[in-house]
Amino acid sequence: MATTTEYTLEKIAGHHVEETLGQGALIDAKHAADEEHAQSLWQAIKANKNAVVWSVLVSMSVVMEGYDTILIGNFFGYPEFQKKYGHDYGGTAGYQISAPWQTGLGMASTVGAIFGGIMNGQLCAKYGYRWVMIVALFFMTAFIFIIFFAQSLPVLLVGEILCGFSWGVFATVGPAYASEVCPTNLRGYLTTFVNLCWAIGQFIAAGVLEGLINRPDQWSYRIPFALQWIWPVPLMICCFYMPESPWYLVRNDRLEDAKHSIKRLSNDKTEEQLAGQLAMLVHTVKIEAEIVSGTSYVDCFKGVDLRRTEIACVTFAGQILSGSTFAYSPTYFFEQAGMSPTEAFKMNVGSTAMAFTGTLISWWLITYSGRRTLYVWGQGTLFFLQIIIGILSATTSSKGSLWAQAALCIIWVLTYSMTVGPIAYAIVSETSSVRLRSLSVCLARTTYQIVNVVSQVLEPYFMNPTAWNAKGKTAFFWGATALGMFAWSYFRLPEAKGRTYEEMDLLFQKKVPARKFASTHVDPYALGISPSKEPLAPAHEETKETK
């Protein structure tokens, strides 16, 4: 007679925790998971103040990327920059940077960020977040010299590409680190804080540009470049002292270091609580290792991780496909539509202020609404706004129509900053598996950058009076892509609010449909039995034969 014993993921992970950390460790892990679920927002902040501070400091590096993103795009409408690097086309066009050079400069840092992001995934998996950040900040300091002293467009182009390598690191480390050092209740707030840093950078850039637009010399555009030196050195010092991610340390079997890191990130936790936290990390990592082994980019496209990679990549790409290239560089659009440079840059300051305000509002929204809800209906609203902008541009060219389009652009930015912009960071960080997080986030950001390259190629041709000269009618194109993102997110985007990483692993392993994630119950500590009494995921099978 033969008997068969099925070992589910939970059983295997439970045995591993007990073998690694001692008897009773599994109970400690469950208590730690229950404690995370039971904590209110303020209790979570109080117990993890250090984690909040370190997450915020690391995310501040994204300020530099947000600053540069808006800087170059708006320099195309900057009088002194146009005179230095452009050509006089005569008539009403005056000095202009040609569409090919606008395209090249617009996507230069993006190209650098693609390669920086790909390298960063492997580097973080091998060396951790701490040293990767320190090295990236060091090179950032050096590369700023190139763009500051550039005397020609080719030199400026090279400088932007090299700076992009570091920005590719900052954009991926920020949300990944925040998602790994903070408990479930704080993940949404601190991953979306990355978008606030982006908005802060844009707001600073807009204010600097508006303040220097009437300066009649080269310093009107060199000072904005020079201000980028403010950030790297202080951030390097912070990163030198920051605790390494305990998840990274557990993945690399450095359990004592992981426990020490948890202690530095928490506030006044007992030894029992620290042990429980460590046990929960070990339990989660083991569950993921049993689902799919390996920690390379190829593994992101295997088994259940393929679906997680799709969600992360398309969610990030949706930031561009929602129309952000059109709405987030409004100065040149406003000028080509008929506004004076001074009026256009004042509108730009107002737009970036709305981005900052919108991200703050998003923190209130995610307290009461899920990530899926905000992303899906955010895309739907952005589609609607762009269609109205396109209709106004196509039907009339009056001054009132121009100001109406400008107002709708600002409303678009506010809506984006409350929904799609910040929520994408939370979705990408929470959806990716712990084992492949640094790689998944880098793949997602690389997808974003590739789509951004395409948009940066198209947008100057849409807007430039020497090319297609579509002006506000460009909104029709981006409205169509936003509609596509609305449809995809409705059918494919799951809800991750309130879920621990263990629960997310099991939901993906069970292939739960996206629209049922929020209502499906899973218990990682239920010894392999789901509420339906069916095994969640048989990982091993042992057969014993008796005669």
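1. Helix H7, spanning residues 99-127, and helix H22, spanning residues 437-463, pack in this predicted model at an angle of about 175°, and their axes lie 9 Å apart. An angle over 145 degrees counts as roughly antiparallel, and H7 is therefore roughly antiparallel to H22. Sorted by class, the residues that make the contact of H7 with H22 comprise 16 nonpolar and 13 polar ones, with no charged residues.

2. One residue of helix H22 may be looked at individually, namely Ser440, which has its place in that helix. Its relative accessibility is 5%, and because buried means under 20%, Ser440 counts as buried. When the neighbours within four places in sequence are left aside, Ser440 is in contact with Cys300 and Ser432.

3. A second helix pair is formed by H20, residues 399-418, and H21, residues 420-431, which pack at an angle of about 20° with their axes 4 Å apart. Since angles under 35 degrees count as roughly parallel, H20 is described as roughly parallel to H21. On the side of H20 the contact is made by Tyr416, Ser417 and Met418, and on the side of H21 by Val420, Gly421, Pro422 and Ile423. By class, the contact of H20 with H21 has five nonpolar residues, two polar residues and no charged ones.

4. Helix H20 also holds Thr415, which is buried, as its relative accessible area is 10%. Setting aside neighbours within four places in sequence, one finds Thr415 in contact with Thr381, Leu382 and Leu385.

5. Turning to helix H4, which covers residues 49-59, the buried residues are Ala51, Trp54, Ser55, Val58 and Ser59. These residues cover an arc of only 130° around the axis, which puts them on the same side of H4. The partners against which the buried residues of H4 pack are helices H5 (62-75), H8 (129-149), H9 (153-181), H10 (184-212), H12 (232-241) and H14 (255-265).

6. Within helix H4, Ser55 deserves a separate remark. With a relative accessible area of 1%, Ser55 is buried, and, not counting residues up to four places away in sequence, Ser55 touches Tyr177, Ala178, Val181, Cys182 and Leu190. The C-alpha atoms of Ser55 and Gly90, by contrast, are separated by 51 Å, although these two residues are 35 residues apart along the chain.

7. Helix H14 can be read in a similar way, with Leu255, Ala258, Ser261, Ile262 and Leu265 as buried residues. Seen down the axis of H14, these buried residues fall within an arc of 115°, so they line one face of the helix. The exposed residues Glu256 and His260 are carried by the face of H14 that is turned away from its buried side. The cover over the buried residues of H14 includes helix H1 (9-21), H4, H9, helix H13 (246-251) and helix H15 (271-291).

8. His31 has its place in helix H2, which runs over residues 25-38. Its relative accessibility is 45%, and His31 for that reason counts as partly exposed. Between the C-alpha atoms of His31 and Leu507, which are 476 residues apart along the chain, the separation is 21 Å.

9. As for the protein chain overall, there are 24 helices and four strands. The radius of gyration of the chain is 25 Å, close to the 24 Å that the globule rule gives for 547 residues, so the chain is as compact as a globular protein of that length. Taken along the principal axes, the C-alpha atoms fill a box of roughly 95 × 45 × 40 Å.

10. Two further values complete the description of the chain. Of its 547 residues, 59% count as buried. Among the contacts in the protein chain with a separation of 6 or more, 81% are accounted for by residues 24 or more positions apart.

Conventions. Residues numbered from 1 in each chain as written. Predicted model: local features only at pLDDT ≥ 70, side-chain atom pairs only at ≥ 80, totals over all residues. Heavy atoms only, no water. Buried < 20%, exposed > 50% of the residue type's maximum accessible area, 1.4 Å probe, protein only. Helix = DSSP H or I, 4+ residues; strand = E, 2+ residues; numbered from the N terminus. Arc of directions from axis to C-beta. Contact = heavy atoms within 4.5 Å. Axes fitted to C-alpha atoms, helices over the stretch in contact; angles between N-to-C directions. Parallel < 35°, antiparallel > 145°, perpendicular 65-115°, else oblique. Nonpolar A, V, L, I, M, F, W, Y, C, P; charged D, E, K, R; others polar. Rg over C-alpha atoms; globule rule 2.2 N^0.38 Å.
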